[in-house]
Amino acid sequence: MQCLLPAGSDTFWITTAEVAGALPAKKTHTLLGQECAALVFDAHSGFDVNAFAAVSGTLRGGGTLFLLTPPLDDWAGFADPDYRRFLPYPYTAADVRGRFLGRFVRMLKTLTPRPPLPLSGRGGGSQASAVQSILQSEVPVVLTADRGRGKSAALGMAASQLIDAGKRVLLTAPSRATVETVFKHAATNPPQFFAPDDLLQTLPEGDVLLVDEAAAIPVPLLLQMLEHYPRCVFSTTLHGYEGSGRGFALRFQKALDERVPGWQSLRLHQPIRWAEHDPLEQFINQTLLLDADLAPFPPSGGRVGDGGGCAEYHHLNRDELVENEPLLRQLFGLLITAHYQTRPSDLRQMLDAPDISIHVLEQQSTIVAVALLSREGGLDPELTAAIHAGKRRPHGHPVPQTLTFHAKIPGAAELLCERVMRIAVHPNLQNRGLGGQLLEHLVEFAAQGGADYIGVSYAMTPELLRFWERAGFVLARVGFRKDTASGSRSVVQVKALSAKGKALF
């Protein structure tokens, strides 16, 4: 391998093998904001698709990505160590069908090598213009870009200049690790960092609030920030591994239109480290669906139906779904829009994790609602007793385990549960009953499959609580702590289906 690398070049190795300077996939966040001429990603160590998407952005234009894999024709059957991420007890890697890897290999084989594209301007002009706009604007600013366009660097440069001008600058983001690039470009005068929940609890004095990766923070929290800090800059990635920028664009910018009609929108287009239309960036976006957008509704020539009565329900076959790229992109695009954190690993889990089922409502050949169910529980009495006593915590089964241990319901993990992992409705059709209609199908599917109860866990808001209560779900547990990103407590709600489930609850 070493003989293939450019002589004397800076190379990033992502592997658990004993290579000098190598990093495991779980530490790739330490490389963000840096550059390399060659990148070696060892998929034998586990194909962590989040890390792969993230670290690919460190490669300079004209550089080379070396992806080390098993023989391509055998890769889909490889017992990938990264399957541990989503395998529930008692499943092993041998139980995974490898749909995600099979699709990845098919797309990899169609990739045509092309000469490197020349860099053109490296984005400096648009980035400098964005910095000046941030410095001068007295209204909220929304700064959007695809990854690698230098938005976090622009925040850092603007922060440093604002502080030089005597302004008190605050910085928040989903985690401290996500803003390293901001601090790197504000080295002489860094802003003060606060986690979102800490910021809203303490409300420190500040003239300007910078919010990085705003798409990964729920809209209600962003609006609370805006109430206390009228001069805000909300920066986020539209297409990327970090979160769900498309949903942010739809939900938050609509709220801004209502509250502050004069807000300013900035967009960075030019990549910093590579040329526009870079073939590697396009390949990664396509294979990991980083660029999956919401399907328009109504489709061209169509019209919005009144209510959900004309929507057709389908339980999708995952083997067929992975072969239908337009349908897969449409489905994942809706999930991305609806949830504030959807990452490439969610795509892999959706396609490959055992006991997951996919349910949709279609209208005019467009998916208008989608839900994912995960079958959990059914554990033996001995293991359930150990969970109840706090001695065992088998991977997976979050709702049965939290009912057994936290809520102290002794036999909950012995019963079969279908957990609603995700449920989403097309933004153009919300508040028309489609979510409730799809949920009725989920309850019927769970009951026919022998589940004793159906459950859900989510970050509580009054609107969501009312939605689930209307569907007959009862509150089983409220978390003690608020989530640092959402600022909400997690809740578990359940609906009994069988006689055993009704007796237990």
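Q: Why does Thr144 count as buried?
A: Its relative accessibility is 7%, and the cut-off for buried is under 20%, so Thr144 qualifies. Bear in mind that this is a predicted model, so we're talking about computed values.

Q: Where is Thr144 found, and what is Thr144 in contact with beyond its neighbours within four places in sequence?
A: Thr144 is in strand 4, residues 141-145. With those sequence neighbours left aside, its contacts are Thr236, Leu238, Gln253, Leu266, Arg267 and Leu268. Contact here means heavy atoms within 4.5 Å.

Q: What makes strand 11 largely enclosed by the rest of the structure?
A: Count the buried residues: seven of the eight in strand 11 are buried, so the rest of the structure largely encloses this strand. Helix 13 (residues 344-352) lies across strand 11 (356-363), strand 12 and strand 13, at about 100° to strand 11. Helix 16 (residues 434-448) lies across strand 11 too, along with strand 10, strand 12, strand 13 and strand 14 (453-459), and runs at about 140° to strand 11.

Q: How do you know that strand 11 pairs with strand 10 and with strand 12?
A: Pairing takes at least two bridges between two strands. Five bridges join strand 10 to strand 11, and eight join strand 11 to strand 12, so both pairs pass the cut-off of at least two. The strands run antiparallel in the pair 10 and 11, and likewise in the pair 11 and 12. For landmarks, Leu316 stands opposite Ile358 in strand 11, while Leu361 faces Ala369 in strand 12.

Q: What do strand 11 and strand 12 form, and how many residues lie between them?
A: They form a hairpin with two residues in between. Gln364 sits in that turn, with a positive phi of about 55°.

Q: How do you know that strand 12 pairs with strand 13?
A: Nine bridges join strand 12 (residues 366-377) to strand 13 (residues 416-425), against a requirement of at least two. These two strands run antiparallel, and Glu376 stands opposite Cys417 in strand 13.

Q: In what order do the seven strands of the open sheet come, and what makes strand 10 and strand 15 its edge strands?
A: The order is 10-11-12-13-14-16-15, with mixed pairing. Strand 10 (312-316) and strand 15 (474-482) each pair on one side only, and they are the edges. On average, neighbouring strands in this sheet are turned by 25° against each other, direction ignored.

Q: Why are helix 14 and helix 15 called oblique to each other?
A: Helix 14 (residues 381-388) and helix 15 (residues 398-405) pack at an angle of about 60°, with their axes 8 Å apart. Roughly parallel means under 35 degrees, and roughly perpendicular covers 65 to 115. The angle falls in neither class, and the two helices are therefore oblique. Thr384, Ile387 and His388 of helix 14 make the contact with Gln401, Thr404 and Phe405 of helix 15. The crossing is right-handed.

Q: How do you know that Asp278 caps the N-terminal end of helix 10?
A: One of its side-chain oxygens lies 3.1 Å from the backbone nitrogen of Leu280, and a polar contact needs N or O atoms within 3.5 Å. After helix 10 comes Leu289, with a positive phi near 55°.

Q: Which residues of helix 10 are buried, and what covers them?
A: In helix 10 (residues 279-287), the buried ones are Pro279, Glu281, Phe283, Ile284, Asn285 and Thr287. Their cover includes helix 1 (49-56), helix 3 (99-109) and helix 13.

Methods:
Residues are numbered from 1 along each chain as its sequence is written. This is a predicted model: local features need pLDDT of at least 70, side-chain atom pairs count only at pLDDT 80 or more; totals for chains, interfaces and linings use all residues. Side-chain values use heavy atoms; hydrogens and water are left out. Axes are lines fitted to C-alpha atoms, for helices over the stretch in contact, and angles run from 0 to 180 degrees between N-to-C directions. Buried means under 20% relative accessible area, exposed over 50%, partly exposed in between (1.4 Å probe, protein chains only). A polar contact is a pair of N or O atoms within 3.5 Å; within protein, one must be able to donate a hydrogen and the other to accept it, and residues adjacent in sequence count only if both atoms are side-chain atoms. Angles under 35 degrees count as roughly parallel, over 145 as roughly antiparallel, 65 to 115 as roughly perpendicular and the rest as oblique. A crossing is left-handed if the near helix is turned anticlockwise from the far one by less than a right angle, and right-handed if clockwise.
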